[in-house]
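Work through these exercises with the structure open beside you. Try each task before reading its solution.

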Amino acid sequence: MSDSTADQVLTTQDGKPLKASLAKALRREKLRALALIAPLLIFVLITFVAPIADMLFRSVENGIVADTLPRTVIALQDWDPTSGEAPDEAVFAALHGDMVVAVEAKKHTRLGSRLNYEQSGISSLFRKTGRRIKKMDDATPFKEQFIKADKKWADAEIWQTLKRFSPRYTDGYFLNSVDAHRTSDGIELKPADERIYMLLFGRTLFLSIMITVSCLLLGYPIAFLLAALPLRSSNLLMILVLLPFWTSLLVRTSAWKVLLQQQGVINDFLVWIGLVADADRLVMINNQTGTIIAMTHILLPFMILPLYSVMKTISPTYVRAAKSLGANDWIAFWRVYFPQSVPGIGAGAVLVFILSIGYYITPELVGGTSGIFISNRIAYHISSSLNWGLAAALGTMLLAAVMVLFVVYDRIVGIDNVKLG
Amino acid sequence: MKLKTLVLAGSAMAFVGTAALAADMTIVSWGGAYSASQNNAYHKPYMEKNAGVNIINDESSAEAVAKLRAMNEAGNITWDLVDVVASDAIRLCDEGLAMEIDPATDLAAAPDGTSAADDFGDLLVSECFIPQIVYSTTFGYRSDVAEWGGKEPADICAVFDTETFPGKRSLEKRPINNVEWALLCDGVPKDEVYSVLETEEGLDRALAKLATIKDDVIWWSAGAETPQLLADKEVVIGSTYNGRLFALIEEQKQPVKMLWDAQVFDLDGWIIPAGLPADRLAQVKDYVKFATDTQRLADQAKYISYGPARKSSAPLVGKHADLGIDMAPHMPTDPNNAKNTFLYNYEWWADYRDDIDAKFQAWLAK
């Protein structure tokens with residue numbers, strides 16, 4: 001019986017089973033394809049995926065406490081943070097041992113600035129203690145000496161912070177980025193006067209949607225005109241659309257300042273024609289209006305180009321057919337032309353929305369206090385406060401928000417329904 | 001014989017060539033008029049003395065802290081010397097990104113033999129920091145505001161007095177300086193400002209004072225904004241760095257005056273990045289010793305109105321190189337200007353900056 005099944009296996013000419021031979025050929029094919037895209041794949045992995053993954057990892061990474069104060073972290077395991085009192089001599093002795101090593105390697109101040117993000121004052125505590133550490137001796141208890149160096153060491157709150165952030169991974173940055181923090185009673189929202197990130201996330205989404213909508217409202221008629229005009233005049237119009245691309249972003253933003261400010265061109269004109277009194281000139285910049293106007297201008301080409309390339313492919317015969325069948329201009333447009341241009345709207349809207357959600361230089365210049373984005377805070381934490389963990393957590397949240405919106409978009413409109421031409 | 005000389009000369013040239021290549025030195029600074037003043041006062045004379053050295057200017061000081069950290073993590077330090085403000089120097093020193101210096105060996109003594117440590121005095125605020133200039137953040141106001149009825153601001157509290165001095169103000173979009181001024185004008189004595197700010201009520205008090213003018217404030221983030229806003233008549237009074245106001249008043253001849261009251265002194269200077277290879281380090285140390293000596297610091301004041309950080313440089317400050325006016329009366333440290341000054345507390349801000357900044361930004365956003 002087994003023999004007869006073996007005979008039934010199809011073989012190639014050289015006697016190998018056909019299935020294996022086919023699989024081999026297929027595998028070779030796949031490998032060759034992979035080899036062909038390999039340079040690009042490796043390039044993308046190294047220059048794009050790896051840095052982003054590294055950045056995202058920073059939002060939970062917290063090895064610095066355990067690396068700088070290894071003995072203290074172990075000694076602190078037996079200390080009860082709810083006791084309300086500073087730990088005993090054993091922990092202080094461990095701290096002394098760790099600090100001597102850390103001061104030698106000049107790592108103690110780095111730890112101080114890391115923990116200062118969680119509690120103000122720790123930065124100078126570590127700096128000050130570092131200067132005193134060499135003068136400490138073994139004769140007197142270390143607890144006494146540390147408290148003499150800085151009385152903050154007697155404060156249980158310092159030790160609670162130290163213990164809370166001693167694990168190698170932390171959710172602290174993520175909690176911070178949703179305006180929460182971990183207290184001895186568990187996770188709590190921060191006091192109302194410190195909550196800022198959720199407000200900024202909300203504002204970023206709101207303003208990005210406003211910018212996308214105004215780009216669509218302004219861009220659709222232009223794209224329609226571009227697609228309908230004969231080539232010669234549409235080329236001229238196209239150059240006008242692309243012209244802003246050739247001007248520096250900063251120049252364009254500054255130009256808006258000149259136009260929109262209270263002593264600016266537009267206000268001067270309105271006062272001159274008597275529409276606005278000199279005393280109450282319009283405030284159009286350094287607020288949300290300024291951000292929406294300047295960013296709509298900057299992102300408009302990203303809406304017009306996909307719209308135009310989709311509209312170009314819509315055959316005029318459809319509209320003509322609709323009209324010949326009795327539709328008026330509006331119905332012919334709305335029922336026949338518009339549905340065919342939806343893929344262009346989808347592509348343009350996604351492009352503009354995603355670009356605007358991560359924008360930061362224009363809001364910084366024209367947004368004042370009410371027109372700034374979450375990216376302005378991310379930039380602040382990257383370049384100024386050096387709190388890269390928090391910046392990474394905020395960045396991750398933003399990335400997640402974009403992905404969620406992308407999925408929602410896919411469910412409602414369908415991602416296949418996006419065309420660039 | 002001739003051929004041998006030629007070969008020798010050729011190889012010597014090649015050697016000089018590589019040496020010159022190795023002596024490229026990248027110095028990072030703020031750009032604009034400030035870099036120009038350093039170029040004239042330090043770089044040019046140094047390159048004249050050391051023909052083999054080529055100084056490359058990089059204008060990245062605004063992002064220096066973040067970039068230095070990134071370079072350090074990547075293990076590839078491409079900068080040799082970086083110009084930063086004192087608070088950034090402290091931060092970089094804390095993070096281990098800047099090298100500690102020894103004033104006795106790394107800096108030149110004053111011409112009269114005073115040691116560098118004494119000559120710089122209190123201005124050596126961090127082990128890694130080599131101060132160059134004292135600048136101040138202070139106010140400038142337009143002298144032609146009709147609504148003011150001939151009155152002119154005499155003290156800092158005019159900024160908070162929108163009754164007598166109506167019009168928009170510009171303030172920096174960060175808590176530093178603003179909360180101090182607010183407390184001073186809310187009746188807190190100068191030496192108690194930081195102990196009051198340390199408490200929650202103190203910060204609330206400062207923000208409440210700022211809230212009285214919040215609707216009249218345009219917040220700036222770049223030093224060039226206030227001069228522009230003043231020139232455009234967008235604001236009637238605004239804070240910025242004193243050198244920017246000097247340029248506005250003396251170079252552009254705008255009807256703007258200085259309000260020196262309660263000016264906040266701050267420092268700007270060099271740090272040497274940690275982890276430089278020995279040959280580059282030796283080169284940089286040689287440069288720093290030259291560029292921060294008494295004469296060089298005094299020379300810089302010819303090009304920009306910032307005060308030299310050495311005591312021994314002050315008597316050497318002369319006239320502006322182009323305008324020909326005496327520079328001493330324009331220095332923030334001049335006795336006439338420094339009648340009432342406020343000293344920025346670096347240590348305190350290093351501790352409380354993150355916390356106060358979060359509250360300040362939340363307050364701003366509302």
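**Exercise 1. Overall form of chain A**

Task: Find what radius of gyration chain A has, and set that value against a compact globule of 421 residues.

Solution: This is a predicted model. Start with the reference: a compact globule of 421 residues would have a radius of gyration near 22 Å. Now take chain A, which has 32 Å. Next, look at the box around the C-alpha atoms of chain A. Along the principal axes, that box is roughly 105 × 105 × 35 Å. Then list the secondary structure: chain A holds 20 helices and two strands. Check burial too. Of the 421 residues in chain A, 33% are buried. Finish with contacts in chain A between residues at least 6 apart in sequence: 67% of these join residues at least 24 apart.

**Exercise 2. A covered helix**

Task: State how many of the ten residues of helix α19 (residues 374–383) of chain A are buried, and identify what covers them.

Solution: Use the cut-off first: a residue is buried if 20 or more other C-beta atoms lie within 10 Å of its own. By that rule, eight of the ten residues of α19(A) are buried, so the helix is mostly covered. Name them: Ile374(A), Ser375(A), Asn376(A), Arg377(A), Ile378(A), Tyr380(A), His381(A) and Ile382(A). Now find the cover. Chain A supplies α11 (197–228), α18 (361–366) and α20 (388–412), among others. The cover also includes α3 of chain B.

**Exercise 3. Where the chains meet**

Task: Count the residues each chain brings to the contact, then describe the side of chain B.

Solution: Chain A brings 30 residues and chain B brings 27 residues. On the side of chain B, the elements giving two or more residues are α3 (64–74), α4 (86–94), β6 (217–220) and α14 (346–365). Of these, α14(B) gives the most, with 13 residues. Sort the side of chain B by class: there are eleven nonpolar, three polar and 13 charged residues.

**Exercise 4. Two crossing helices**

Task: Decide how α7 (residues 178–185) and α9 (residues 200–211) of chain B are oriented to each other.

Solution: The two axes come within 8 Å and cross at roughly 85°. Angles of 65 to 115 degrees count as roughly perpendicular. Therefore α7(B) is roughly perpendicular to α9(B). Next, pick out the residues that meet. From α7(B) come Asn178(B), Val179(B), Ala182(B), Leu183(B) and Cys185(B). From α9(B) come Leu203(B), Arg205(B), Ala206(B), Lys209(B) and Leu210(B). By class, this contact has seven nonpolar, one polar and two charged residues.

**Exercise 5. Two residues of chain B**

Task: Place Tyr346(B) and Ala321(B) in their elements, and explain why each counts as partly exposed.

Solution: Begin with Tyr346(B), which lies in helix α14 of chain B. It has 19 C-beta neighbours inside 10 Å, so it counts as partly exposed. Leaving aside neighbours within four places in sequence, Tyr346(B) is in contact with Ala86(B), Ser87(B), Ile90(B) and Val125(B). Pro103(B) is 243 residues from Tyr346(B) in sequence and 20 Å away in space, C-alpha to C-alpha.

Turn to Ala321(B), found in the loop between β9 (307–308) and β10 (341–343) of chain B. It counts as partly exposed because it has 15 C-beta neighbours inside 10 Å. Not counting residues up to four places away in sequence, Ala321(B) touches Lys302(B) and Tyr303(B). Val264(B) is 57 residues from Ala321(B) in sequence and 27 Å away in space, C-alpha to C-alpha.

How values were computed:
Residues are numbered from 1 along each chain as its sequence is written. Chains are lettered from A and ligands numbered from 1 in the order in which they are written. This is a predicted model: local features need pLDDT of at least 70, side-chain atom pairs count only at pLDDT 80 or more; totals for chains, interfaces and linings use all residues. Two residues are in contact if their C-beta atoms, placed from the backbone, lie within 7 Å. Helices (H or I, at least four residues) and strands (E, at least two) are DSSP runs, numbered from the N terminus. Ala, Val, Leu, Ile, Met, Phe, Trp, Tyr, Cys and Pro count as nonpolar, Asp, Glu, Lys and Arg as charged, and the others, Gly among them, as polar. Axes are lines fitted to C-alpha atoms, for helices over the stretch in contact, and angles run from 0 to 180 degrees between N-to-C directions. Angles under 35 degrees count as roughly parallel, over 145 as roughly antiparallel, 65 to 115 as roughly perpendicular and the rest as oblique. A residue is buried if 20 or more other C-beta atoms lie within 10 Å of its own, exposed if 12 or fewer, and partly exposed in between; C-beta atoms are placed from the backbone. The radius of gyration is taken over C-alpha atoms; the globule rule is 2.2 Å times the number of residues to the power 0.38.
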